[in-house]
Amino acid sequence: MTPIMLRQLWSLIETTQATLLVNLDDATLVQWLLKQLKMNSALNGKEADLLNEYIESRLSLIRDLAEQRLAPEVR
């Protein structure tokens, strides 16, 4: 997996509405993220498989980051 692919993925996660990231079930969230990445860049089968595994392994982190964005700021 290239650094560019990783940057694109995390950029997509940061710009996606947090409620979407939190509310989709695991399988749907993985597929939705992959679909968005495929629309923005040409992924071959191997790259898509690598991204699928990477996203699955980072679902907890993705949801934690989204939940932080939803939480009211503590001042």
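In the predicted model, helix α1 passes helix α4 in a right-handed crossing. Helix α1 spans residues 3-15 and helix α4 residues 45-57, and their axes come within 12 Å and cross at roughly 50°. That angle makes α1 oblique to α4, because angles between 35 and 65 degrees fall outside the ranges counted as roughly parallel or roughly perpendicular. On the α1 side the contact is formed by Met5, Leu6, Leu9 and Trp10, which meet Glu47, Leu51, Tyr54 and Ile55 of α4. By class, the residues of this contact comprise seven nonpolar, no polar and one charged.

Helix α4 also meets α3. The axes of α3 and α4 come within 10 Å and cross at roughly 140°, so α3 is likewise oblique to α4. The crossing of α3 past α4 is right-handed. From α3, the residues Val30, Gln31, Leu33, Leu34, Leu37 and Lys38 take part, and from α4 they are met by Ala48, Leu51, Asn52, Ile55 and Glu56. This contact divides into seven nonpolar, two polar and two charged residues. Leu51 and Ile55 of α4 are listed in the contact with α1 and again in the contact with α3.

A further helix pair is formed by α1 and α5. Their axes come within 10 Å and cross at roughly 35°, and α1 passes α5 in a right-handed crossing. Trp10, Ile13 and Glu14 of α1 meet Leu61, Ile62, Leu65 and Arg69 of α5. The contact of α1 with α5 has five nonpolar, no polar and two charged residues. Trp10 of α1 is thus listed in the contact with α5 as well as in the contact with α4.

Two arginines of α5 were examined individually. Arg63 is located in helix α5, residues 59-70. With a relative accessible area of 14%, Arg63 is buried, because the class covers values under 20%. A polar atom of the Arg63 side chain lies 2.7 Å from the backbone oxygen of Leu21. When neighbours within four places in sequence are left aside, Arg63 is in contact with Leu21, Val22, Leu24, Asp25, Asp26 and Leu29. One of these partners, Leu24, is found in the loop between α2 (18-23) and α3 (26-40). Leu24 and Arg63 are 39 residues apart along the chain, and their C-alpha atoms are separated by 9.9 Å. Besides Arg63, Leu24 touches Leu29 and Trp32, residues up to four places away in sequence not being counted.

Arg69 is also found in helix α5. In contrast to the buried Arg63, Arg69 counts as partly exposed, at 33% relative accessibility. The side chain of Arg69 reaches the backbone oxygen of Thr16 at 2.2 Å. Not counting residues up to four places away in sequence, Arg69 touches Ile13, Glu14, Thr16, Gln17, Ala18 and Leu21. The C-alpha atoms of Arg69 and Glu14 are separated by 9.4 Å, with their positions 55 residues apart along the chain taken as the sequence separation. Leu21 is listed among the contacts of Arg69 and among those of Arg63.

Thr16 is placed in the loop between α1 and α2. Thr16 is buried, with a relative accessible area of 8%. The Thr16 side chain reaches the backbone oxygen of Leu12 at 2.6 Å, while the backbone oxygen of Thr16 is itself reached by the side chain of Arg69. Outside the residues up to four places away in sequence, Thr16 touches Leu21, Trp32 and Arg69. Trp32 is also touched by Leu24.

Two alanines fall in the exposed class. Ala42, in the loop between α3 and α4, is exposed, with a relative accessible area of 80%. Ala42 and Leu20 are 22 residues apart along the chain, and their C-alpha atoms are separated by 24 Å. Ala27 is found in helix α3 and is exposed, with a relative accessible area of 52%; this value counts as exposed because the class begins over 50%. Ala27 lies 8.4 Å from Glu56, C-alpha to C-alpha, at a sequence separation of 29 residues. Glu56 is one of the α4 residues in the contact with α3.

Note on methods: Residues are numbered from 1 along each chain as its sequence is written. This is a predicted model: local features need pLDDT of at least 70, side-chain atom pairs count only at pLDDT 80 or more; totals for chains, interfaces and linings use all residues. Side-chain values use heavy atoms; hydrogens and water are left out. Helices (H or I, at least four residues) and strands (E, at least two) are DSSP runs, numbered from the N terminus. Contact means heavy atoms within 4.5 Å. Axes are lines fitted to C-alpha atoms, for helices over the stretch in contact, and angles run from 0 to 180 degrees between N-to-C directions. Angles under 35 degrees count as roughly parallel, over 145 as roughly antiparallel, 65 to 115 as roughly perpendicular and the rest as oblique. A crossing is left-handed if the near helix is turned anticlockwise from the far one by less than a right angle, and right-handed if clockwise. Ala, Val, Leu, Ile, Met, Phe, Trp, Tyr, Cys and Pro count as nonpolar, Asp, Glu, Lys and Arg as charged, and the others, Gly among them, as polar. Buried means under 20% relative accessible area, exposed over 50%, partly exposed in between (1.4 Å probe, protein chains only). A polar contact is a pair of N or O atoms within 3.5 Å; within protein, one must be able to donate a hydrogen and the other to accept it, and residues adjacent in sequence count only if both atoms are side-chain atoms.
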